Amino acid sequence: FFQGKWKLLELPGILRDQFGITALEHVNQFFENPMLTYLQKLKKSCADAGVQSTILMVDGEGGTASPDKAERILAATSHRKWIDIAHFLGCHSVRCNVYGGAQDWKQDASLVDRAAETIHMMLDYAKGSGLNIIVENHGGASSDPDLLVALVKKVNHPKFGLLCDLGNWNKGDDRYAAVKKTLPYARGLSVKGTWG
């Protein structure tokens with residue numbers, strides 16, 4: 001994608017014809033033009049290839065755990081278009097990140113409360129769509145398994161859970177212990193090769 005060799009509209013056909021894959025996790029960075037006519041073409045491309053859209057992963061839409069409430073509201077609002085797009089494409093979940101706050105998140109006592117507030121804003125917007133809002137362990141605070149479990153318990157909503165990435169744990173963490181803690185709350189699993 002970043003080299004310009006693939007376009008999202010072509011991806012369902014590539015997945016099916018070259019790899020025999022029939023499910024697609026979307027990434028918001030790869031949508032060249034997320035307008036209705038483009039989305040209709042993408043939906044048709046998936047249908048023609050027999051590929052099901054599953055998760056829409058959202059990056060770069062603000063600090064969901066920022067100490068600044070206005071920034072958190074902006075982050076929740078910025079996710080709305082992706083919630084709408086995920087619903088239109090037939091995804092089951094929208095993946096967001098937990099970013100914003102102190103560099104040393106272990107000393108940030110209100111981070112979970114702030115993130116939970118933002119996630120509730122997203123869940124309120126997504127109400128009626130059938131979509132899950134999920135958080136991936138994606139570096140820093142979001143890759144702290146204890147923080148993720150605390151967040152799931154704080155949000156306490158049937159449409160909230162985790163996207164458990166087997167490789168995205170903080171340096172020095174026992175990845176097996178981290179997966180064991182978070183997997184019971186997972187709505188999706190990201191499998192990747194991890195060495196060393």
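Buried here means under 20% relative accessible area. By that cut-off Ile14, at 11%, is buried. The model is predicted. The points below cover its aromatic pairs, salt bridges, polar contacts and one surface patch.

**Aromatic rings**

- A search of the whole structure finds three aromatic pairs.
- One of them joins Phe31 and Tyr38: the ring centres are 6.4 Å apart and the planes stand at 55°, so this pair is tilted.
- Phe31 and Tyr38 are both buried.
- Phe31 also pairs with Trp82, with 5.4 Å between centres and 70° between planes, an edge-to-face arrangement.
- Phe31 sits in the loop between strand S1 (23-27) and helix H2 (36-49), while Trp82 belongs to helix H4 (residues 80-89), so their pair ties together parts 51 residues apart in sequence.
- Trp82 is buried, as is Phe31.
- Through ring pairs, Phe31, Tyr38 and Trp82 are linked into a cluster.

**A charge over a ring**

- Lys43 places its charged end over the ring of Phe88.
- The distance from that charged end to the ring centre is 4.5 Å.

**Salt bridges**

- The count of salt bridges comes to ten.
- Glu61 and Lys81 are one such pair, with their side chains meeting at 3.1 Å, N to O.
- This bridge links distant parts of the chain: Glu61 is in the loop between strand S2 (52-57) and helix H3 (69-78), and Lys81 is in helix H4, 20 residues apart.
- Glu61 has a relative accessible area of 16%, so it is buried.
- Lys81 has a relative accessible area of 40%, so it is partly exposed.
- Arg114 bridges to Asp108, with 2.8 Å between the closest N and O atoms.
- Arg114 is buried, at a relative accessible area of 9%.
- Asp108 is buried too, at 14%.
- Lys154 and Asp113 form another salt bridge, their closest N and O atoms lying 3.3 Å apart.
- That pair also links distant parts of the chain, from Lys154 in helix H6 (residues 145-155) to Asp113 in helix H5 (residues 111-126), 41 residues apart.
- Lys154 counts as partly exposed at 46% relative accessibility.
- Asp113 counts as partly exposed at 39%.
- Asp59, Arg95 and Glu136 are joined into one network by salt bridges that share partners.

**Buried polar side chains**

- Asn28 lies in the loop between S1 and H2.
- Its relative accessible area is 6%, so Asn28 is buried.
- A polar atom of the Asn28 side chain lies 2.9 Å from the backbone oxygen of Asp59.
- Asp59 thus appears twice: in this contact and in the salt-bridge network with Arg95 and Glu136.
- Ser45 belongs to helix H2.
- With 15% relative accessibility, Ser45 counts as buried.
- The side chain of Ser45 has a polar atom 2.7 Å from the backbone oxygen of Leu9.

**Helix H1: Ile14 and Phe19**

- Ile14 lies in helix H1.
- The C-alpha atoms of Ile14 and Ala49 are separated by 8.8 Å.
- Along the chain, Ile14 and Ala49 are 35 residues apart.
- Phe19 is also placed in helix H1, which covers residues 11-19.
- Phe19 is partly exposed, with a relative accessible area of 48%, whereas Ile14 is buried.

**Surface patch**

- Which residues form a nonpolar patch on the surface? They are Trp6, Phe19 and Ile21.
- Together these residues have about 280 Å² of accessible area.

Terms used: Residues are numbered from 1 along each chain as its sequence is written. This is a predicted model: local features need pLDDT of at least 70, side-chain atom pairs count only at pLDDT 80 or more; totals for chains, interfaces and linings use all residues. Side-chain values use heavy atoms; hydrogens and water are left out. Rings of Phe, Tyr and Trp (its six-membered ring) pair if their centres lie within 6.5 Å; planes under 30 degrees apart count as stacked, over 60 as edge-to-face and the rest as tilted. Buried means under 20% relative accessible area, exposed over 50%, partly exposed in between (1.4 Å probe, protein chains only). Helices (H or I, at least four residues) and strands (E, at least two) are DSSP runs, numbered from the N terminus. A charge sits over a ring if NZ of Lys or CZ of Arg is within 6 Å of the ring centre and within 35 degrees of the ring normal. Patches are made of residues with over 30% relative accessible area and no salt bridge: like charges are joined within 9 Å, nonpolar side chains (Val, Leu, Ile, Met, Phe, Trp, Tyr) within 5 Å. Accessible areas come from the Shrake-Rupley method with a 1.4 Å probe; for residues, only the protein chains shown count as cover. A salt bridge is a side-chain nitrogen of Lys or Arg within 4 Å of a carboxyl oxygen of Asp or Glu. A polar contact is a pair of N or O atoms within 3.5 Å; within protein, one must be able to donate a hydrogen and the other to accept it, and residues adjacent in sequence count only if both atoms are side-chain atoms.
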